[in-house]
Structures are given as C-alpha cells and as structure tokens.
Amino acid sequence: LKLPELSEFVHRIDFADKEKERYMALFQEAQGTLSSYRKVEGQKAVETYRYLLEILLRLRQVCNHWQMCSERVTNLMEQIQKQKVVELTPENLKALQDMLSLSIQSQEECAICLDDLHTPVITPCAHVFGRECIERVIETQKKCPMCRAELKDNSVLIQPANDFGDEAKDESIDFDASSTKLEALIDILKASKGTGNKTVVFSQWTKFLDIVQARLDREGFKYCRLDGTMSARLRDQAL
C-alpha cells in the first residue's frame, strides 16, 4: 500500500478574552497549589498532588472549550482537602462523576493493580480504582488504600454517570457557545468541503466531541462518530 507523502501543518490560535481569563485563573491556582505541594509532606502531599493534577487536566480542557471546566470539581476538591471524605449530596455526587469521567478520558491506571481502569469507580475521597480491585480492599480493610479514609462497604463506590454508549448531554454546557479552537476547526472543515477529502477529528475528551458534534449538526456536516464510551453495537451502527 503506497501512502501519499505526509504534510504537517500547525495552526496557532490565540485565546478569546473569556477563555484567557479562565485559563489564567486556573493557571494561577495551579501555581499556588504547586507552592503548597513543595511545603508539605506525607499524606497531605499526596492529596495536594492529586489536586494539582486535576487543575492541570482542567487547563488542558480549557484549551479545547472554556465551558468544559466545571466549577463543581473545584468546590469538591476544596471540601476533600478539609475533610478527606465528602458527603454524597447530589451536587457532590455529580462532581465526583465529573472527576471519574476525567480519569477515564485521561486513560489513568488503577492505583491498585497499575493496569488500565477496568469497570472504573470513584470513592467519596475522590480516588479512582477498578471496581474489582477496590472491592477486594474494602472486604479486607474497609479503608481507601491511597488516603486511609473509611470505606464502610461497596455501596459508597460511585460509578460513571451513564452506562457506556448511553451518555447523556451535560446540561451544564451551552452547546451553542463557541470557542476559539472550535471556530478554527470549523474554518478548516469548511475549507475542505467539496475537495473530496475526509477529515478525522480526534480529541481525548468525549465532552469536547459532544460540543463539536452539536456544531457539525448545525453546520450541516455529515460525519461518523466513534469514541470509547460507545458500546460495540453503537460502533457497528455508526460504521
């Protein structure tokens, strides 16, 4: 199979004012957290490091679309820093599911077996594991292996918000709102219309794919979507 010569183009774009404002707010928060991390030791350092990773991941999300960064996660992490385990209120439950979704999309490993996350769940202390691994730990010691917070039984484990392949739209996102990166993508797609070329749009974040899909629908583009949350049946249907 003879492939055509590869040409690579890098499109550099600047944040809009609203995007830059949110990015810089998170960036400054990350700097403050990093300074705190350098001053603490032991378990407190582990918790601060986890918080720092969350901020860095959200910085990457903001680069895609400014609405992808949920304030729920920030509020939740502040609670966890104070009391280790949060009460499972509807708001906290949703925030934990947001964090779990972030871990799944980031392809994190299970902290127990160090393998890919298998049937991922998150604890009230915001640590992500494969269900089978953490259930075995709870059965023997009833504590989180990361922070030693009490986990009384398997009922405290929180699974993703939706079953794979049946993900609902995030009601916190305005799908009519745009972003600099989204506009640049649409410009590229419009420029290639009528050329006979096909375009692959890749993103690590399924939430961003939701936003792109809504815009493609409005612009009248034909597309086929495949992502890791889709069941085998839905993937077959898409193809």
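The protein has eight helices and two strands, and the model you're looking at is a predicted one. Reading from the N terminus, the elements go α-α-α-α-β-β-α-α-α-α. Two spots get a closer look here: a pair of cysteines, and the place where helices H6 and H7 meet.

**The chain as a whole**

- The protein runs to 239 residues, and 39% of them count as buried.
- Take the contacts between residues at least 6 apart in sequence: 56% of these join residues at least 24 apart.

**Cysteines 113 and 133**

- A disulfide is a covalent bond between the sulfur atoms of two cysteines.
- The count for this model is zero disulfides.
- Cysteine 113 is in no disulfide, and its nearest cysteine sulfur, the one in cysteine 133, lies 3.8 Å away.
- Seen from the other side, the closest cysteine sulfur to that of cysteine 133 belongs to cysteine 113, and at 3.8 Å it's too far for a bond.
- The reasoning is simple: a pair has to come within 2.5 Å to count as a disulfide, so sulfurs sitting 3.8 Å apart don't make it.
- Are these two cysteines buried or exposed? Cysteine 113 is partly exposed, with 35% relative accessibility, whereas cysteine 133 is buried, with a relative accessible area of just 5%.

**Around cysteine 133**

- Cysteine 133 sits in helix H5, which covers residues 131-141.
- Leaving aside residues up to four places away in sequence, cysteine 133 touches Cys110, Ile112, Cys113 and His118.
- Histidine 118 is 15 residues from cysteine 133 along the chain, and their C-alpha atoms are 9.0 Å apart.

**Where H6 meets H7**

- Helix H6 spans residues 180-192 and helix H7 spans residues 206-219; their axes come within 11 Å and cross at roughly 45°.
- Why do H6 and H7 count as oblique to each other? Angles under 35 degrees would be roughly parallel and those from 65 to 115 roughly perpendicular, so a crossing of roughly 45° leaves H6 and H7 oblique.
- The crossing of H6 and H7 is right-handed.
- On the H6 side, the residues in contact are Leu182, Glu183, Leu185, Ile186, Leu189 and Lys190; on the H7 side they are Ile211, Val212, Arg215, Leu216 and Glu219.
- Sorted by type, the residues of this H6–H7 contact come out as seven nonpolar and four charged, with no polar ones.

Key
Residues numbered from 1 in each chain as written. Predicted model: local features only at pLDDT ≥ 70, side-chain atom pairs only at ≥ 80, totals over all residues. Heavy atoms only, no water. Buried < 20%, exposed > 50% of the residue type's maximum accessible area, 1.4 Å probe, protein only. Axes fitted to C-alpha atoms, helices over the stretch in contact; angles between N-to-C directions. Helix = DSSP H or I, 4+ residues; strand = E, 2+ residues; numbered from the N terminus. Parallel < 35°, antiparallel > 145°, perpendicular 65-115°, else oblique. Left-handed = near helix turned anticlockwise from the far one by under 90°. Contact = heavy atoms within 4.5 Å. Nonpolar A, V, L, I, M, F, W, Y, C, P; charged D, E, K, R; others polar.
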